[in-house]
Amino acid sequence: MKAKITTQLLAALSPSTTTYEVNDTELRGFQLRVQPTGTKTFLVAYRLRDGRKNRYVIGRTPQLTPAQARDEAKKVLGDVARGIDPNDDKRQQRREERKPTLEVFIDEHYAPWARAHLGTADKTLARMRVAFKEHFDKRLDSLTAWQFDKWKSERLKSGLKPTSVNRELASLRSALTKAVEWELIPEHPLRKVKQAKVDEDHRVRFLSDAEETRLREVLDERDGNARAARVRHNEWRRQRGHEALPLIAEGTFIDHIRPMILVTINTGLRRGELFKLKRSDIDMEKRMLKVRAAAAKSGKSRFIPLNDEAATMLTRWMDQHPAEDEELVFPGKDGAPLTNVDSAWGSIVRAVKLKDFHWHDMRHHFASRLVMAGVDLNTVRELLGHADLKMTLRYAHLAPEHKAMAVAKLIRSV
């Protein structure tokens with residue numbers, strides 16, 4: 001159908017059972033499409049210089065009048081005459097609209113990858129959701145260094161420690177590195193964001209000889225108290241005609257706490273690595289323990305030799321609790337990984353009267369004793385699973401004799 005597209009024509013046109021179009025008689029390419037629903041849409045039909053045909057949607061009535069649509073059609077046809085495809089802008093706009101927000105990226109893109117490759121995925125994802133919640137509705141490609149420099153300042157002003165702020169930044173930095181690799185954004189928005197300044201006097205808390213002796217005494221007392229409690233409970237049951245429970249034999253672990261503590265002191269395992277340790281990770285013949293990549297904080301596997309005490313603790317515990325090879329060494333409820341040992345550990349710390357000492361400090365204790373025994377820092381780094389030597393250098397001051405020997409080499413013989 002051909003006719004001049006005017007306001008009067010719009011009023012006269014009625015929808016049909018099928019879609020039909022009106023070609024304007026004055027401006028070639030200007031069209032009006034009428035759908036069975038009654039929707040009327042202004043279009044421009046055009047041919048590019050390479051011969052390709054296409055159409056451009058201008059808009060609908062009543063938002064646009066025929067006169068307004070005609071003016072827009074002239075602009076579009078002018079672009080076509082200059083070799084510009086008017087649909088390029090719309091394609092680009094659609095591509096921009098499809099770019100994810102930070103929230104969508106983390107939930108739909110990064111989270112599945114993190115859970116497959118990072119041992120601390122859930123903890124890292126939870127940290128980002130809390131720390132960067134205010135930025136979650138922002139499109140990934142709109143994030144800027146200025147936004148996160150401002151965020152960093154606000155977090156520090158709120159009283160958060162610089163180390164905590166840096167930990168949050170590091171988690172987002174790693175996630176956005178993947179966004180760059182996957183070509184979701186052209187460049188890293190945190191590339192120019194510096195870490196918060198941290199006091200380099202790193203906290204290194206380890207047990208003194210007296211504290212370690214007292215810790216071992218408390219573990220012995222705890223076992224003895226549990227055995228005595230079982231005897232008393234059985235007497236209580238006997239008096240009431242109940243069957244006695246099995247006695248806890250001397251040398252038998254009352255629970256998993258003692259072997260976990262002594263294994264940690266002798267291997268430097270992180271708590272999460274210990275919780276995820278499998279029987280198949282332990283090679284008693286080679287006296288070697290493997291930290292799997294899936295269980296390691298760094299995402300990289302490493303091997304730790306087992307000394308006599310660590311090997312004995314693991315052997316006795318696994319003999320006391322026989323299970324299939326692929327089962328966890330220290331399983332929680334229903335065989336699932338443990339999530340914490342806070343209650344038992346807290347009571348032990350109070351009994352030993354340890355001040356400012358946490359479970360993770362047993363890892364410091366392991367590293368500190370190695371350094372004080374003369375083990376070189378790079379070997380300590382490998383045993384701890386540090387990505388670089390920077391983290392391990394916090395223990396360097398514990399080996400003053402090495403510095404003294406180095407300075408002594410400057411003296412020339414006379």
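**View 1. The surroundings of Ile261.** Beyond its neighbours within four places in sequence, Ile261 is in contact (heavy atoms within 4.5 Å) with Leu215, Leu219, Trp345, Ile348, Trp359 and Met362. This is a predicted model in which local features need pLDDT of at least 70, side-chain atom pairs count only at pLDDT 80 or more, and totals for chains, interfaces and linings use all residues. Residues are numbered from 1 along each chain as its sequence is written, and side-chain values use heavy atoms, with hydrogens and water left out.

**View 2. The largest nonpolar core.** Here Ile261 appears again, together with Leu314: these two have the most contacts inside the largest nonpolar core, which has 50 residues. Such a core is a set of buried Ala, Val, Leu, Ile, Met, Phe, Trp, Tyr and Cys residues joined through side-chain atoms within 4.5 Å; buried means under 20% relative accessible area with a 1.4 Å probe, protein chains only. Among the elements that each supply at least two residues are α8 (209–239), α11 (308–320) and β6 (288–291). Helices are DSSP runs of H or I with at least four residues, strands runs of E with at least two, numbered from the N terminus.

**View 3. Another core.** Apart from the largest core lies another, of 25 residues, including Leu102, Ala121, Leu125 and Leu176.

**View 4. The chain around the close-ups.** Stepping back, we find 16 helices and 7 strands. The radius of gyration, taken over C-alpha atoms, is 35 Å, well over the 22 Å that the globule rule (2.2 Å times the number of residues to the power 0.38) gives for 414 residues, so the chain is more spread out than a compact globule. Its C-alpha trace spans about 105 × 90 × 45 Å along the principal axes, and 37% of the 414 residues count as buried.
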